[in-house]
Amino acid sequence: MESVYQIMESRLEAIDEDPKKKKKVYNILVETLQNIYHHMDEMQREEDPDDTTSRDAMFMIVRDNEGVYKIHTGNYVLKSKCDLLQSRIDEINLMSSEELRAHYVDKLNTTELSSKGGAGLGIIEIARKSGNKLGYSFNPVSEKFSFFSLIVSIG
């Protein structure tokens with residue numbers, strides 16, 4: 001992951017962009033990549049159930065003609081987790097920036113760390129930093145797994 005961060009940091013440095021915007025894009029990129037790393041599920045290959053696809057994921061960053069950055073990420077998740085993840089994102093997307101801040105502080109003060117080492121703050125922090133609603137989709141790929149895609153816009 002460190003090499004990905006370094007590549008993205010150097011590419012962002014090479015772009016003639018407002019330093020505050022570059023920092024925001026970089027910070028959101030780091031948060032989204034950390035979420036992928038910590039929350040992706042290993043998908044078993046159907047032809048060999050003992051073999052697992054070792055944590056496949058994707059990310060892409062795009063800058064459009066208006067200067068809006070979009071960070072696209074995707075990873076496999078168990079279908080049993082999709083409803084909870086969808087409801088969390090939907091809840092976050094309904095919040096104002098003030099409500100997001102209060103929700104973040106509340107989670108920080110009342111949530112214990114999960115088995116993956118987090119307190120469920122990543123997606124909240126991504127929404128807070130971007131200042132935009134989060135786009136997402138779940139595409140079924142097998143009986144047990146869906147491919148989760150997240151799109152974060154940074155204007």
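**Exercise 1. Place T32 in the predicted model.**

Find the helix that holds T32, decide whether T32 is buried or exposed, and list its contacts.

*Solution.*
Step 1. T32 lies in helix 2. The model is a predicted one.
Step 2. Check the accessibility. T32 has a relative accessibility of 2%. Buried means under 20%, so T32 counts as buried.
Step 3. Look for a polar partner. A polar atom of the T32 side chain lies 2.9 Å from the backbone oxygen of L29.
Step 4. Look further along the chain. Leaving out residues up to four places away in sequence, T32 touches I71, T73, I126, L150 and V152.

**Exercise 2. Describe the largest nonpolar core.**

State how many residues the largest nonpolar core has, which members touch the most others, and which elements supply it.

*Solution.*
Step 1. Start with the general idea. In soluble globular proteins, nonpolar side chains tend to be buried together.
Step 2. Count. The largest nonpolar core has 31 residues.
Step 3. Pick out the best-connected members. I123, I124, L134, V152 and I154 touch the most other members.
Step 4. Trace the sources. At least two residues each come from helix 1, helix 2, strand 4 (69-78), helix 3 (79-93), helix 4 (97-110), helix 5 and strand 6 (145-154). Helix 2 gives the largest share, seven residues.
Step 5. Zoom in on I124. Beyond its neighbours within four places in sequence, I124 contacts I92, L100, H103, Y104 and K107.

**Exercise 3. Find the salt bridges.**

Say how many salt bridges the structure holds, and describe each pair.

*Solution.*
Step 1. Recall the principle. Side chains of opposite charge can pair when their charged atoms come close.
Step 2. Count. There are three salt bridges.
Step 3. Take R63 and E17. Their side chains form a salt bridge at 3.1 Å, N to O. This pair links distant parts of the chain, 46 residues apart. R63 sits in strand 3 (residues 57-63), while E17 sits in the loop between helix 1 (2-14) and helix 2 (19-39).
Step 4. Compare the burial of the two partners. R63 is partly exposed, at 45% relative accessibility. E17 is buried, at 15%.
Step 5. Move to helix 5 (residues 122-130). R128 and E125 both lie there, three residues apart, about one turn of the helix. The closest N and O atoms of this salt bridge are 3.1 Å apart.
Step 6. Add K129. E125 also bridges to K129, with the closest N and O atoms 3.6 Å apart. E125 and K129 are four residues apart in helix 5, again about one turn.
Step 7. Join the pairs. Shared partners link E125, R128 and K129 into one network.
Step 8. Check accessibility. E125 is buried at 15%. R128 is partly exposed at 33%, and K129 is partly exposed at 27%.

**Exercise 4. Draw the sheet.**

Give the strand order, the pairing sense and the edge strands.

*Solution.*
Step 1. Recall how strands join. Strands of a sheet pair through backbone hydrogen bonds, either parallel or antiparallel.
Step 2. Write the order. Four strands form an open sheet, 3-4-6-5, with antiparallel pairing.
Step 3. Find the edges. Strand 3 and strand 5 (135-140) each have a single partner strand, so one side of each is left without a neighbour in the sheet.
Step 4. Note the turn. Neighbouring strands are turned by 15 degrees against each other on average, direction ignored.
Step 5. Inspect one pair. Strand 5 and strand 6 pair over six bridges, in the antiparallel sense. N139 stands opposite F147 in strand 6.

Note on methods:
Residues are numbered from 1 along each chain as its sequence is written. This is a predicted model: local features need pLDDT of at least 70, side-chain atom pairs count only at pLDDT 80 or more; totals for chains, interfaces and linings use all residues. Side-chain values use heavy atoms; hydrogens and water are left out. A salt bridge is a side-chain nitrogen of Lys or Arg within 4 Å of a carboxyl oxygen of Asp or Glu. Buried means under 20% relative accessible area, exposed over 50%, partly exposed in between (1.4 Å probe, protein chains only). A polar contact is a pair of N or O atoms within 3.5 Å; within protein, one must be able to donate a hydrogen and the other to accept it, and residues adjacent in sequence count only if both atoms are side-chain atoms. Contact means heavy atoms within 4.5 Å. A nonpolar core is a set of buried Ala, Val, Leu, Ile, Met, Phe, Trp, Tyr and Cys residues joined through side-chain atoms within 4.5 Å. Two strands pair if DSSP finds at least two bridges between them. Axes are lines fitted to C-alpha atoms, for helices over the stretch in contact, and angles run from 0 to 180 degrees between N-to-C directions.
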